[in-house]
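Trainee: I should like to go through the helix packing and the pocket, and to hear the reasoning behind each term.
Mentor: Please ask, and each term will be set against its definition.

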Amino acid sequence: MLSVGALRAHLVAAGLAGRVSTPREKSLHSYRLFAARDPRQTLGLDPEGEWGAAELLRLMADRCGVSPDPTDTSGQDTIDPDCTVAALDAFAERLGRAAQDRIPVLLGTGHPHRLLGFYASLAAALSAAGCVILTPAYGGYVDMPTQFGVRRHNLWYVGGVAVVRPVPGAEGSQEGAGAGEPGAHTHSPLPVRAALAAAAEQGGVLPRLVVGDHGFVCGAGQLGIEAIGLADSDDPAVFVAEAEGRVSVAVPLDDTVRSDYYRPLTRYVLHRAWLSQ
């Protein structure tokens, strides 16, 4: 179990917080796209507020620790590790209550190459504590927009975590996951919508908590289902959803570092949630 100080040091050393790999230009561009209600950045969220680019920058400075200076337009972005630690504590506390209450949980990631191990460990721990880990619409089809146009994907669950994979042989299926890969990168809310619709249509159990990132948490929160998750400094939708009360916890961190760099976070969260074996 890492101490708070050791966790903070790891976050900075691994590039999960502090100076991160996300370019400042990319973050600012994302804020402008969100302000214009571009669906590539709203991630399934229909914001209640106006949220212009200046307001978003102030929000992200407060929630993530990015520079609040609008004239700071180049170089690497920053995430305040103290913001990350505080959010991880809140994230763990919510997981602990979920385990105590043994509620049904749905987990999903749009970053399977980096974050699948993190979420799969949470799924295993929650299942061992008595939570039902839901897998609705397993193997079902989801037609999603990509850079090649709309392409058909399958919804799969790996270690109890929802991911999408391009349908083999479909035109444009080279986009995203290939053979032997866990899934494709996506920001889309369509996978979680498909999963929730399947659960409702089949008269099955709906999740009382969704854990994930990108469209999984924003899409669930927009539909009124409690969600918690991880988000990078160029993912303003997740933090807007938190500010508007549709995501309970948004953890700011770089979501593109090596997958093994997230393992100390996994141990920290499970220990804080009283889910360690």
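Trainee: Which residues in H5 meet which residues in H6?
Mentor: The model is a predicted one. In it, Phe-91, Leu-95 and Ala-99 of H5 meet Phe-118, Leu-122 and Leu-126 of H6.

Trainee: How do you know that H5 and H6 pack roughly parallel?
Mentor: Two packed helices are described by the angle between their axes and the distance between the axes. H5 and helix H6 (residues 112-128) have an angle of about 30°, and their axes lie 10 Å apart. Angles under 35 degrees count as roughly parallel, so the term applies to H5 and H6.

Trainee: How do the residues of the contact of H5 with H6 divide by class?
Mentor: There are 6 nonpolar residues, no polar and no charged. Leu, Phe and Ala count as nonpolar.

Trainee: Why is H5 called oblique to H10?
Mentor: Helix H5 (residues 81-101) packs on helix H10 (residues 263-272) at an angle of about 50°, with the axes 8 Å apart. That value is neither under 35 degrees nor in the range of 65 to 115, nor over 145, so H5 is oblique to H10. The crossing of H5 past H10 is right-handed.

Trainee: What makes the contact of H5 with H10, by class?
Mentor: From H5 come Val-85, Leu-88, Asp-89, Phe-91, Ala-92 and Leu-95, and from H10 come Leu-265, Tyr-268, Val-269 and Arg-272. By class these are 8 nonpolar, no polar and 2 charged residues. Asp and Arg count as charged, and Tyr as nonpolar.

Trainee: Why are H4 and H9 called roughly perpendicular?
Mentor: Helix H4 (residues 53-63) and helix H9 (residues 236-243) pack at about 80°, with their axes 10 Å apart. The range for that term is 65 to 115 degrees, and H4 and H9 are therefore roughly perpendicular to each other. In this contact, Leu-56, Leu-59, Met-60 and Arg-63 of H4 meet Pro-236, Phe-239, Val-240, Glu-242 and Ala-243 of H9. The classes are 7 nonpolar, no polar and 2 charged.

Trainee: What lines the largest pocket, and which residues are the closest to its centre?
Mentor: The largest pocket holds about 630 Å³ of space. Of its 22 lining residues, Arg-40, Pro-145, Thr-186, His-187 and Ser-188 are the closest to the centre. H2 gives the largest share of the lining, 4 residues. By class, the lining has 7 nonpolar, 11 polar and 4 charged residues.

How values were computed. Residues numbered from 1 in each chain as written. Predicted model: local features only at pLDDT ≥ 70, side-chain atom pairs only at ≥ 80, totals over all residues. Heavy atoms only, no water. 1 Å grid on protein atoms, 1.4 Å probe; cavity = no way out; pocket = protein on both sides within 12 Å on 5 of 7 lines; lining within 4 Å. Points joined across faces, edges and corners; volume = space filled by probe spheres on them. Helix = DSSP H or I, 4+ residues; strand = E, 2+ residues; numbered from the N terminus. Axes fitted to C-alpha atoms, helices over the stretch in contact; angles between N-to-C directions. Left-handed = near helix turned anticlockwise from the far one by under 90°. Contact = heavy atoms within 4.5 Å.
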